Every structure is written in C-alpha cells, then in structure tokens.
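Please find below my notes on the charged side-chain pairs of this model, set out as numbered points for checking against the coordinates.

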Amino acid sequence: MIKNPELSIVMPCLNEAETLATCIKKVQLFFKANDINGEIVIADNGSTDGSIAIAEDLNAKVIHAAQKGYGSALKTGIEAASGTYIIMGDADDSYDFSNLMPFLKELRNGFDLVMGNRFKGGIEKDAMPFLHKYLGNPVLSFIGKLFFKIKINDFHCGLRGFSKAAYNKMNLKTSGMEFASEMVVKSRLNDLSITEVPTTLKKDGRSRKPHLKTWSDGWRHLRFLMLYAPNWLFLYPGILLALIGSILSILLIINPLEFSGITLDVHTLLYTSAFLLVGFQFIIFYGLTKIFAVENELLPKSKRYNKLFKIINLEKGLLIGFCLLLIGLFLSFKGLSVWSDTNYGSLDTSTTLRIIIPAITLLQIGIQTILFSLFFSVLGLKK
C-alpha cells in the first residue's frame, strides 16, 4: 500500500479484461516518468471476466462496489482513494492515461475540478459515435452552460480531476451515468473553481458494446439537468405564461380585440385565463421543488433561499389567498346580480362571462395560494 499518495487514479470497471492492464500500465509509467507518488484504484462493479485478477496482479487497489451503476462504482472508488487529488477515467483505453500532467498541474494550482475537453484535444475517427459528437454532447453541454453558467465545453468528458476536499463538498447522490453531470453541476452550485484542459479520445480497445446507451443515458443526463435547474423548468415558463395570460385577460375583460377582421372575445378569455392558471401552477411548483431539493440536500442552500422564507410565509400566503377568494366571491355575486336583473332568464354571454371567468380564475388562484402556503410551511419546518 502506498503511503500518503498525492494522486489517486480511479477507474470504474465492469468486465474490462481486454483493456484494463493497458490502462494500469500507462498510469504506472506516468507516475514513474513524472516522479509522482500515486495509487491506482479499480472500482469493480461485478466483473466476471478476470478483471479483478488482472488489477491485483498489477498491484492496483481493488474496491468492490456493491450497488450497480457507473456513479456507484465511482463513488465507491473515490471514497476509498487516499490521494489529495483524484483523476477518474474509464478503463477502456480510450483516454490517454500517459498524459495527465495538465490535470495535475491545474489541481496543484488550486482548481477544485479540472475537466478534460475532447473537442479541443482531438477525437480520433470513430472514437465517438456520430450522435454523441454532433448532437448529444453539444446539446447537453449547451444546456448545462445555459442553466448553470458554467464555462466548460465538454460536459461529459469522463476524464476529469478534482481534489478529495472538493469531492466531499459536492455531496453527490446519483448512481448512474448522470453522475458525470451531477459532479459538474454540484461543483458550480457549491461555488467550487472549475477549469478545463485539452485531452484526446481514441477508439476504445473493447470488442464488446460500450456500457453507455445513447438514448436512455442521454435522457438521464437531460432529466438531471432539468431537475437541478427548477428555474428553467418551472419558474421562467411559469412567469411567461402568467404574464401572457394576465395581460391578454385584462385586455379582453375591457373590450373584445379585433385583428384584421378577426374578433377575440370571451371564448379567447377562457384560454388566456387558463394560461394564467397554468403559469401560476408552474411558479408554485418551482417553489415547492426548490424547498424540497434544498431540505433533502439535493441542492445547496443559497443566500436567496434563506431570504425566501422572509418574503414567503404561511401568514402572508393565507392573507393573500383569502383576499383573492373574497374578490372572486364578490365578482361571482355581481354576476348573480346581473342574472337576477333579467329575472334569471337568458343572458348576454359576452357581458356576463367577462365577470364570471375572472371570478372563477381568482377563486382558483386563491385556493391554490392557500394550499401552497400550507404545504410550503410544512416542507420548511426545519427552518
């Protein structure tokens, strides 16, 4: 066992007998050539092809991950690693383990997470599937940069380095392929410093199919990015829908709208009111998702999160909700009064619905506000 290693190389392994020895030997040559006190940790995820024996024969530390999954294997290996710095990479001989100094240099310079960029370093022909190269990686990297304001261009490079101290701050939870996305996102959310260095990717040395599944794993990454950015998933669409719905509803309540011979009247008002309701529900769901994620340690607490409880509380929510209910009831009685003026006979729907639709909308929003306030206070009981 190596004492006080500076660097740990962690490789997840599931039946990598064809390439594992090559990867381990490359790392050992890298350690020797650069006079680095390092260790190699193989995080085995249930190999049955002799991978374990190969690793042990080459004096690598073998750690067995009980739970299946790419993320589970890596977490098990990283937690067992003794190095101050850790570099993780796949054991399929697609990454260049003989050229890790750019990663270690940036880690020594104080960066918490150092990402490899395969697009800058070079991708060998047929090393990355067409869909991954021109659709999956660019799209998911763009979404990640947009949602989380992270200035890296290869979100899913499997070769990356980080300090053990930074890893402990990340508090990673996922067990599958989305572990790669979670690491980057959690680094950003915890204000850890991130940089990237060029690295190369060559065609892997395996004869079997890769573990990565294009569509299902791509969806897992996308789903993770959306769930960890509830502002983009719920808040911004909700605000947009609510604004469109409220502005158009107010205009239609005042008078019908005419455009090039087309008249928008109370039937359109029904749809604009629905826009407002759906937008309001999106905003409510954002609030509930945010507090649930933070209180269950899926997202870190921020300064804005603590201010949220000063702005929104049970008493204010109940007060606003009951006020909206009262306005809705007032308009409902006004509509009833209009009907009574006709001795409960036929009505001018264009006039009546301009009262009834807003009344029903406000009643619904009022009830939702009261229920939201109650549930919000239950979720935030720890506060």
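1. Arg-188 is partly exposed, its relative accessible area being 29%, whereas Asp-191 is exposed, with a value of 64%. In this predicted model the two residues form a salt bridge in which the closest N and O atoms are 3.9 Å apart, a distance that still falls within the 4 Å cut-off.

2. Salt bridges with shared partners bring Lys-26, Asp-93 and Lys-202 together in one network. Within it, the side chains of Asp-93 and Lys-26 meet at 3.0 Å, taken from N to O. Because Asp-93 is placed in the loop between strand E4 (85-88) and helix H4 (101-108), while Lys-26 belongs to helix H1 (residues 20-33), this pair ties together parts of the chain that are 67 residues apart in sequence.

3. As to the surroundings of that pair, Asp-93 is buried, with a relative accessible area of 11%, and Lys-26 counts as partly exposed at 22%; the limit for calling a residue buried is under 20%.

4. A further salt bridge joins the side chains of Glu-39 and Lys-61, with an N to O distance of 3.2 Å. Here too distant parts of the chain are linked, since Glu-39 sits in strand E2 (residues 38-44) and Lys-61 in strand E3 (residues 61-64), 22 residues apart. Glu-39 is buried, its relative accessible area being 5%.

5. The structure holds nine salt bridges, among them the pairs Asp-93 with Lys-26, Glu-39 with Lys-61 and Asp-191 with Arg-188.

Key
Residues numbered from 1 in each chain as written. Predicted model: local features only at pLDDT ≥ 70, side-chain atom pairs only at ≥ 80, totals over all residues. Heavy atoms only, no water. Helix = DSSP H or I, 4+ residues; strand = E, 2+ residues; numbered from the N terminus. Buried < 20%, exposed > 50% of the residue type's maximum accessible area, 1.4 Å probe, protein only.
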